[in-house]
Amino acid sequence: MPVVELEGVARTFTSGDAAVRALHGISLQVGRGELVVLMGASGSGKTTLLSLVGGLDRADAGAVRVLGEDLGRLPERQLARRRLTTVGFVFQELNLLPELTLEENVSLPLEGAGVPRAAARTAARQALAEVGLDGTARRYPDEISGGQQQRVAIARAVVGDRRLVLADEPTGSLDSATGAEIMMLLRRLCDAGATVLLSTHNPANAAFADRIVHLKDGALVRIEQPPAPARREGAQ
Ligand SMILES: Nc1ncnc2c1ncn2[C@@H]1O[C@H](COP(=O)(O)OP(=O)(O)OP(=O)(O)O)[C@@H](O)[C@H]1O
Ligand SMILES: [Mg+2]
């Protein structure tokens, strides 16, 4: 079963008389362990697609299935719960809560899902170790670098059993070397069984992908496989 399955998906936004076809006719399957990169000009529909897969927004037509479940059929309450238990989000802007320690930030989704605090904190420390931040649990976001903050956001996205990460330009505010480290981390998580769907404007990031999905004006125009050596390099 694919982790993510889109079938004839469309999403149109209307404001006043104007209608914007943000996505139309999108069909795509993403399997476990895959890192799929979305590329396309500003306004091509990348964020809209990630929002639909994450259950933050609903398609007007077609089906969006995550782990076999049709999100269009789920009531809002269940969509909200899935955001705590199934998918993790990473955004360009670092969105950690400054007054909480790193461990507290990472454990938030689990605590929101009702996991007892001690167990949530233990899982948070494990997730921090998984992203190379062992021993930083008690520090605060403003005490670490931007790249490290993005690692914390990734830890929060995979904490507990969540293994689907939706990342919207996660390297957009990082320098290229730090951005490449973040891509390598995501590649490593995928090789360990996570699934990542990621938007980027940076072709260098696409080299870490299993597949590159090109969007244009809301349509899927091309799916490309980057050369294998780049993927292997990223996996190290
Ligand atoms: N909530 C909304 N209301 C109205 N129009 C929207 C909304 N969200 C997106 N759009 C429109 O849908 C289209 C796709 O937007 P989207 O944000 O998905 O593009 P994007 O590929 O993520 O762009 P960028 O690279 O700038 O982030 C754009 O024309 C945008 O203006
Ligand atoms: Mg966007």
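**Ligand contacts and helix packing**

In this predicted model, an oxygen atom of ligand 1 sits 3.0 Å from a polar backbone atom of G45. A polar backbone atom of G43 is likewise found 2.8 Å from an oxygen atom of ligand 1. Side chains take part too: T47 places a polar side-chain atom 2.8 Å from an oxygen atom of the ligand. In total, 13 residues surround ligand 1, and those that come nearest are S42, G43, K46, T47 and T48. G43 and T47 thus belong to this nearest group, and each also has a polar atom 2.8 Å from a ligand oxygen, through the backbone for G43 and through the side chain for T47.

We can turn next to the helices. Two packed helices are described by the angle between their axes and by the distance between those axes. Helix 3 (residues 102–112) and helix 4 (residues 117–130) have axes that come within 8 Å and cross at roughly 120 degrees. Helix 3 is therefore oblique to helix 4, and the crossing between helix 3 and helix 4 is right-handed. On the helix 3 side, the residues in contact are L102, E103, E104, V106, S107, L110 and E111. Their partners in helix 4 are R117, A120, R121, A123, A124, R125, A127 and L128. Sorted by class, this contact of helix 3 with helix 4 comprises eight nonpolar, one polar and six charged residues.

Helix 3 also packs against helix 5 (residues 146–158), where the two axes come within 7 Å and cross at roughly 30 degrees. This crossing of helix 3 and helix 5 is right-handed. Helix 3 contributes L102, N105, V106 and P109, while helix 5 contributes V152, A155 and R156. Five nonpolar residues, one polar and one charged make up the contact of helix 3 with helix 5. L102 and V106 appear here in the contact with helix 5, and both also meet helix 4.

What angle do helix 5 and helix 6 make as they pack? The angle is about 20 degrees, and the axes of helix 5 and helix 6 lie 10 Å apart. Helix 5 is therefore roughly parallel to helix 6, and helix 5 passes helix 6 in a right-handed crossing. From helix 5, the contact draws on G147, Q150, R151, I154 and V158. From helix 6, it draws on T178, E181, I182, L185, L186 and L189. The residues in this contact of helix 5 with helix 6 divide into six nonpolar, three polar and two charged.

Finally, two loop residues deserve a look at their backbone. Most residues other than glycine have a negative phi. E169, which is not a glycine, has a positive phi of about 45 degrees. E169 is located in the loop that links strand 7 (164–168) and helix 6 (176–191). D217, also not a glycine, has a positive phi of about 50 degrees. The loop that holds D217 lies between strand 9 (211–216) and strand 10 (219–224).

Methods:
Residues numbered from 1 in each chain as written. Chains lettered and ligands numbered in written order. Predicted model: local features only at pLDDT ≥ 70, side-chain atom pairs only at ≥ 80, totals over all residues. Heavy atoms only, no water. Axes fitted to C-alpha atoms, helices over the stretch in contact; angles between N-to-C directions. Helix = DSSP H or I, 4+ residues; strand = E, 2+ residues; numbered from the N terminus. Parallel < 35°, antiparallel > 145°, perpendicular 65-115°, else oblique. Left-handed = near helix turned anticlockwise from the far one by under 90°. Contact = heavy atoms within 4.5 Å. Nonpolar A, V, L, I, M, F, W, Y, C, P; charged D, E, K, R; others polar. Near = heavy atom within 4 Å. Polar contact = N/O pair within 3.5 Å; in protein donor to acceptor, adjacent residues only side chain to side chain.
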